[in-house]
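Please study the following structure and work through the exercises on it. Each task is followed by a solution in steps.

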Amino acid sequence: MKQPSSSLAPSGNALALAIANPGALGTIDAYISTVNRLPVLTPEREHELARRLHDHDDLEAARELVLSHLRLVVSVARQYLGYGLPHADLIQEGNVGLMKAVKRFDPERGVRLVSFAVHWIKAEIHEYVIRNWRLVKVATTKAQRKLFFNLRSMRPDGHSLDPDQVDHIASELNVRREDVSEMEVRLSGRDVSLENQDDDDDSFAPISYLSDEGRQEPSRVLARMAHDDMQGAGLASALEALDPRSRRIIEARWLQDEGGSTLHELAAEFGVSAERIRQIETAALKKMRGTLQAA
């Protein structure tokens, strides 16, 4: 049987560029138009190419297999346009899945490449959608992924689900009803910027109320308590290092609940000049700082 002509296939460099970036041909419409003109392989030709790739790592055979199925990627990617992601990016991720499928395809299993590749294409697109749909990943477990890609189409008119509908969906998808309710909440939410995205000073963003300036935030309270404990223990140790007169002067000047003693009051108590009391106070404070720094 005469094989389909490959004259419409782009050159090797153009192919590499097109697969890496669907927008490289100008526009996404130009790319789609190009891949839709590529020839479709007959079962016999597909088997021959797959055999060459499987047995001899024939890259030219792999190239022809990938080229002939680029239109499949475009078709699958179109199903995910509702997630608000660029069509070109969806196609690009799908092309990665197609190349993985071609590499792993075994022609002796009796399955056409199109049936085998569609699962790999969807897997790559699914991962891309989940990774980029929101800043915070909305689905990690198998059940969550299943719900993410099915729940929107199963919700009647996009309205909230009642208990009976939750039970029905959980039964249909073989997941827990709690998972259904949780995913419904996630799909209904949206990303919110922590800070204002405009120059309006009157706008109210989460940063305005998430930050506690009243020092009641738990980590601040614990840090303050630890600091106070450390300061208290260190101060007691520093005072014990002073001689009785120096300690009395420091306590009278700095550790009174209400208004400390003046230099002249302490001078009269110890029978020395006010200047001498100031000198003793300065020396005592210097010694205490040294004790606290060494602690």
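The exercises below concern helix packing, burial and a surface patch in this predicted model.

**Exercise 1.** Determine how helices H2 and H6 are oriented to each other.

Solution. Helix H2 covers residues 28-36 and helix H6 covers residues 87-104. Their axes lie 10 Å apart and form an angle of about 40°. Angles under 35 degrees count as roughly parallel, and those from 65 to 115 as roughly perpendicular. H2 and H6 are therefore oblique to each other. The crossing in which H2 passes H6 is left-handed.

**Exercise 2.** Determine how H13 and H14 are oriented to each other.

Solution. The packing angle of H13 and H14 is about 150°, and their axes are 11 Å apart. An angle over 145 degrees counts as roughly antiparallel. H13 and H14 are therefore roughly antiparallel to each other. H13 passes H14 in a right-handed crossing.

**Exercise 3.** Locate Leu255, classify its exposure and name the surface patch to which it contributes.

Solution. Leu255 is found in the loop that links helix H13 (244-254) with helix H14 (263-270). The relative accessible area of Leu255 is 39%. Partly exposed residues fall between the limits of 20% and 50%, so Leu255 is partly exposed. Together with Leu235 and Trp254, Leu255 makes a nonpolar surface patch of about 290 Å².

**Exercise 4.** Is Gln144 buried or exposed?

Solution. Gln144 belongs to helix H8 (residues 142-154). Its relative accessibility is 11%. Buried means under 20%, so Gln144 counts as buried. Glu182 is 38 residues from Gln144 along the chain, and their C-alpha atoms are separated by 9.1 Å.

Terms used
Residues are numbered from 1 along each chain as its sequence is written. This is a predicted model: local features need pLDDT of at least 70, side-chain atom pairs count only at pLDDT 80 or more; totals for chains, interfaces and linings use all residues. Side-chain values use heavy atoms; hydrogens and water are left out. Patches are made of residues with over 30% relative accessible area and no salt bridge: like charges are joined within 9 Å, nonpolar side chains (Val, Leu, Ile, Met, Phe, Trp, Tyr) within 5 Å. Accessible areas come from the Shrake-Rupley method with a 1.4 Å probe; for residues, only the protein chains shown count as cover. A salt bridge is a side-chain nitrogen of Lys or Arg within 4 Å of a carboxyl oxygen of Asp or Glu. Helices (H or I, at least four residues) and strands (E, at least two) are DSSP runs, numbered from the N terminus. Buried means under 20% relative accessible area, exposed over 50%, partly exposed in between (1.4 Å probe, protein chains only). Axes are lines fitted to C-alpha atoms, for helices over the stretch in contact, and angles run from 0 to 180 degrees between N-to-C directions. A crossing is left-handed if the near helix is turned anticlockwise from the far one by less than a right angle, and right-handed if clockwise.
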